[in-house]
Amino acid sequence: MKDSEEPSTKRVKPVVKGGGGTGMMHPIKTPALKRLGQSITRSISFRTEARPLPPAPIRSRQKASSFPRRRSSQCWSDTVESHDLTAKEIKRQEVIYELTQGESQLIEDLSLVKKVYYEPMLKLDIMTESELGHIFGTLDSLIPLHQDLLSRLERLRGSEKTVGAVGQTLLNWFPSLEPYVQYCCNQVEAKALLDQKKQQKRVEHFLRLCQESSFSRKLDLWNFLDLPRSRLVKYPLLVREILKSTPPEHPDEDTLPDALDLIQSVVSEVDRKTGEAECEFYKRGLTYLEDGQRLPEIKHSRFLYIHGELKNNKGQKLHVFLFELCLVLTRSLEDREGGVAFQVYRQPLPTATLYLEELPDGEGGGGGAFRGAFTSGNDKVRNCFRVSSRGRTKAQSHSLQANDSFNKQQWITSLRQAMVQSRDRGTQAGQSTPDPALYHIAELSLSSDTEMADQSSQ
């Protein structure tokens, strides 16, 4: 789980006025939000009748919403008339302010999702209660957690709108994030079901109407459902920034490092559990043409290094999974319920017997068929690599092409990591160390063998 954006301490989003940050649970007592939910419900119910609804009334009701399409930026220094703080102290207050405002905005967004998406879709029978339960998961359980932190942070603010020590408050609150494990583990299945339901016209129409409304800020439903995960991975960044701006001898000097260690361990645990859930989800989605494809390495894999679409040397699109112990090439198919299944293509390749060959751009190492499938005319072959395996079954090889150089490097790095870890597991188990060629670019002497295997495997 990664979040590439460092927290901004220059401009911070403000709380949107009109509903209050901490009183949005069962029912949400924000008149504007209530009116907005009723408006969306009326709009959809009207459109499901035989007569069409003129567009003008819909727009007029949407304009009644008090939720802006974009939130204006504000920072802590904008909220105080004067102060005598040093530049470092100002930066510390800015980050704490960003932390506080981020909690308020998350509470607002999660409450909005429940009122504007979940309740209308249930009332209008756009989805069943069971389907909505799978998609929204334990979202309700997260809102009180963030209301609690917001309340604690607001109590720390002094008369001059400054916050003294915040470390102990965070240290006491971070353990309450345990419900994030269940919520994030459910996201893989939730996303798959949501994508499947979007194929239905009523669902697609409702979600599109919501996204075009002012309250959504151009975000779709999944953007909102993914906000908790994005918030979780930002906590270590925020704590680290507060610590960097904390002066010596400050009480937070002792508590913030402990808080940082704690939240990093929470994020790591959520990441590990989510990875295991993702791995199990995709393993269940595999279909096999023959029992010989059901390798024990697939069953015993606990996580995925990487997965995604690659092309083979005939230009066919494959969905490739690099599990912990096995590389599996598949073809994407639609199952009986309209979801996606992955039919295993050829024989899976255990990482313990895997060879990797990176193919430099422009070289015709893959042969004429390889060049003809990946390029046109005199264009160069780009972003390609070859994987092969020799072990309990006959030798086989696959030449694959990534979408771009960055994607290719992701695959190369992940494959090498998987192969090295397989070697390490073998060493720890007292097995003989595999040939180093397994973990480096294949020797040129393999080229002719693998090229022939490429052709025979298609």
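**A tour of the salt bridges**

Select Lys115 first: with a relative accessibility of 17%, Lys115 counts as buried. Here, buried denotes under 20% relative accessible area, exposed over 50%, and partly exposed the range in between (1.4 Å probe, protein chains only). The model is predicted, so local features require pLDDT of at least 70 and side-chain atom pairs count only at pLDDT 80 or more, whereas totals for chains, interfaces and linings use all residues. Residues are numbered from 1 along each chain as its sequence is written, and side-chain values use heavy atoms, with hydrogens and water left out.

Next, add Glu119 to the selection. Glu119 and Lys115 form a salt bridge, with 3.2 Å between the closest N and O atoms; the term requires a side-chain nitrogen of Lys or Arg within 4 Å of a carboxyl oxygen of Asp or Glu. Both residues belong to helix 3, where their spacing of four residues corresponds to about one helical turn. Helices (H or I, at least four residues) and strands (E, at least two) are DSSP runs, numbered from the N terminus. Unlike buried Lys115, Glu119 is partly exposed, at 28% relative accessible area.

Which residue pairs with Arg92 in a salt bridge? Select Asp252: its side chain meets that of Arg92 at 2.5 Å, N to O. Arg92 lies in helix 3 (residues 87–123) and Asp252 in helix 12 (residues 252–284), so this pair ties together parts that are 160 residues apart in sequence. Both Asp252 and Arg92 are buried.

Now move to Arg382 and Asp361, whose side chains meet in a salt bridge of 3.9 Å, N to O. Arg382 is in the loop between helix 14 (367–374) and strand 8 (384–389), while Asp361 is in the loop between strand 7 (354–359) and helix 14, so the pair links parts 21 residues apart in sequence. Arg382 is partly exposed, with 44% relative accessible area, and Asp361 is also partly exposed, at 39%.

Then select Lys91, Glu241 and Lys244, which are joined into one network by salt bridges that share partners.

Finally, display the whole protein. The structure holds 16 helices and nine strands, and the salt bridges number 25. Of the 458 residues, 47% are buried. Taking contacts (heavy atoms within 4.5 Å) between residues at least 6 apart in sequence, 72% join residues at least 24 apart. The exposed surface is about 22,900 Å², of which carbon and sulfur atoms supply 49%.

Notes
Areas by Shrake-Rupley, 256 points an atom, 1.4 Å probe, with all protein chains shown as cover.
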